[in-house]
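Trainee: Could you take a close look at one part of this model for me? I'd like the cut-offs spelled out as you go.

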Amino acid sequence: MDTLDLARWQFAITTVYHFFFVPVTISLVAITAGLQTAWYRTGKEKYLRLTKFYGKLFLINIAMGVVTGLVQEFQFGMNWSDYSRFVGDVFGAPLALEGLLAFFLESTFIGLWIFGWDRLPRRIHLACIWMVVLGTQLSAYFILAANSWMQNPVGFRYNAERGRAELTDIWAVLTNKVVLVTYPHTIFAAFMVGGAFVAGVAIWHLVRRPGVDTGAFRTALRLGAVIVIAAGAGVALSGDQQGKVMTEVQPMKMAAAEALYESEKPASFSIFTVGTLDGSREVFSVKVPYVLSFLATGHFDGEVKGINSLQQSYEQLYGPGSYKPNIPLTYWTFRLMIGVGMAAAAIAVWLLWATRRGRAPNRLLVWLALPLPLLPLFANVFGWVFTETGRQPWLVFGLLPTSSGVSPGTTSGEVLTSLLGFTVLYGVLAVVEMKLMFRTIRGGLAGTSPAPEPDGPDDADKPLSFAY
Amino acid sequence: MELTTVWFVLIAGLWIGYFVLEGFDFGVGMLLRVLGRDEPERRAVVTTIGPVWDGNEVWLIVAGAMTFAAFPEWYATLFSGFYLPLFAILVSLILRGVALEYRGKRDDLVWRSRMDWLITVGSVVPALLWGITFANLVRGVPLDASHEFVGTLGDLLNPFALLGGVTFVAVFVAHGAIFLALRTTDDLRQRANRLASGTGLVAVVLAAAFLAWAQSLRGDATSAVVAAAAAVALVVGLVANRLRREGLAFAGTALAIGLAVASLFVAMFPAVMPSTLDPAGTLTTVNAASTPYTLKVLTIIAAIFTPLVLLYQGWTYWVFRKRVTVEPVAVEAEP
């Protein structure tokens, strides 16, 4: 493998791994903030104990998200220096906004929240966790704006002399039509994971620890399930919007998602397609008529461009070469994203039904505890693999091919070192993190203490059991 | 002032903020197993930086992001050229961050001891490597006419850079010890104070040697004055430490670090990465910069939000201003 392949593998591995923690963080902090607000409003102790329990799980999770996020920021310069030179003038601005507006907010207020339980007035302490929520939302928006620019570059001009893209309109970058649909889609998808996580943990406790904190975990189970269903509806609606934008700005990605080789009017949605290995035509498929036309254009008889005709027009536009992404990969990740996401929503409906009107859940439902959060988590991963590999062979669509972005001076030995280093490190950390998660989950609400009163002004600081 | 100069100053300011703030939490991390003799003491030591270390580290992230946005060429050449040191810094910061967050999540002495080792190593290694990196920035690195780094790892490990690395470690140890004396009580406070005196002497000697060498390599009257001021601030800080004026001592080391880093940036200006080969390869605030429009946008953003960040980060330090006492804690050995 050459430097380019190694750098791509490293980006894929470190980014997918980072994103295992992102959706849980985004949603769990908001759910924790909601639980704490419920405690603040009602004074019911179960909400406080759930806040501390899920808050601790959130902290275990965000620690991994933060440290693996560091790699993301360094990696652009380390492995993709020519990309950085090409896009820095445009792409740097949302990254700078993310750092200054979001990361400072998150890190500072998380410290205040962890250590501030007995030091801050309740109302201020509650505001701290909401500031963290705001930070995660801003962070998501800015980084998605940066990514959306790579899918659909706007608000720039190309400077041929410097060989780079230059920002002409920051507002256009921040209101790119791609980010406007991608942001809600990503956030709803994150809430599917967080809701499923809360419900999965709760079902495990209800079945395996009957009679222990049943009331609190019933609340958590039903809350989590409702979040999964509501967020699932949001994912579907925003995904539908996203499909239409994608058809408009990246028609090749839509065609690859459907393995649609020839243009169709009206186009059918493929349930199952097998193509030839070189990806030039289909061999066998099962299709539902009119559905793809509707998904892509909003009309049942709209025309959807096929891979082969797009390839021809791109050759005329950009010169000879292949402009097709890896079609089996885009086709299957697109389907798996939808499939496993729908499965999670179905499980959530089932759990809600099984626990209706105070019913105790069936013992067998404990087997859903683990798949329930993992399904939407993998839907997130499939979605990202789809949208990023579907952009290929472009790094910035229509402007910069992936092969032109890699660091020219970096050796394959260096990239291999960091690739292996991060992979081994991330593997070990995954084991440590999972064991700590499971341990904390098994511990249940027993470790959560009631709220202490804020200290008097003369007390010295004491280390807190909640923190270190 | 040109916007490119404004952004050079702002990025220098972000690095100064990073080293002043993370400097003491690196120092605390290095001293964790030296000053903390048992679990209750170590817990107290970690708690002094608990609420703030993550926010301190964000200064690094923002310095990186701002460099990417304002000086893409600088970001690209620096990060790809210093590949292996930056990789090692990342690994160390990952282990350190996870260990800091996970140490208290289990009531298990073996677990905590392991995490403490990771915190120590994860504090020494980045301090050393940042010193090596900044020394090389001042000294210059082999860049070709297209600003591409053409050196090897061996080029980065020159004697001047190694002195820079050791200096960063020594200064952060003293800075961390003084911070601990300021933030703890009783016996721990006394020991931190004594340790700061001893390590402070080493730090002064190394820092003086490093800054003088840096001035002889690249520098002018202004940078020499700033470097001398840094040395004076460090000495004032250590004298204050002897006199048990802990607040003044911490202000002294904080100022010393800030001025020392500033002197390095002043010495470099207007270069951001001087080339030791072709002078045309040197990256400057002008040829590395983004367009005036982008710099204008960034300036507006920074002008609005930086004061806000300083305000709420300052408030955090105010909220957690009280000293941390050593409390007996119920930690059981793993059954």
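Mentor: Here is a walk along one helix and the chain contact it belongs to. This is a predicted model, where local features need pLDDT of at least 70, side-chain atom pairs count only at pLDDT 80 or more, and totals for chains, interfaces and linings use all residues. Residues are numbered from 1 along each chain as its sequence is written, while chains are lettered from A and ligands numbered from 1 in the order in which they are written.

So, helix 13 of chain A: it has 32 residues and reaches 46 Å from first C-alpha to last, close to the 46 Å expected (1.5 Å times one less than the number of residues). Helices here are DSSP runs of H or I, at least four residues, and strands are E runs of at least two, numbered from the N terminus. After helix 13 of chain A comes A:G444, with a positive phi near 60°.

Its buried residues are A:E414, A:V415, A:S418, A:L419, A:F422 and A:L436 (buried means 20 or more other C-beta atoms within 10 Å of the residue's own, with C-beta atoms placed from the backbone). Their cover includes helix 1 and helix 2 of chain A, plus helix 5 (83-102) of chain B.

Now the chain contact: 61 residues of chain A are in contact with 65 of chain B (C-beta atoms, placed from the backbone, within 7 Å). On the chain A side, helix 2 (45-79), helix 3 (81-115), strand 2 (164-167) and helix 13 (412-443) each supply at least two residues. Helix 3 of chain A gives the largest share, 23 residues.

Notes. Contact = placed C-beta atoms within 7 Å. Buried ≥ 20, exposed ≤ 12 C-beta atoms within 10 Å, placed from the backbone.
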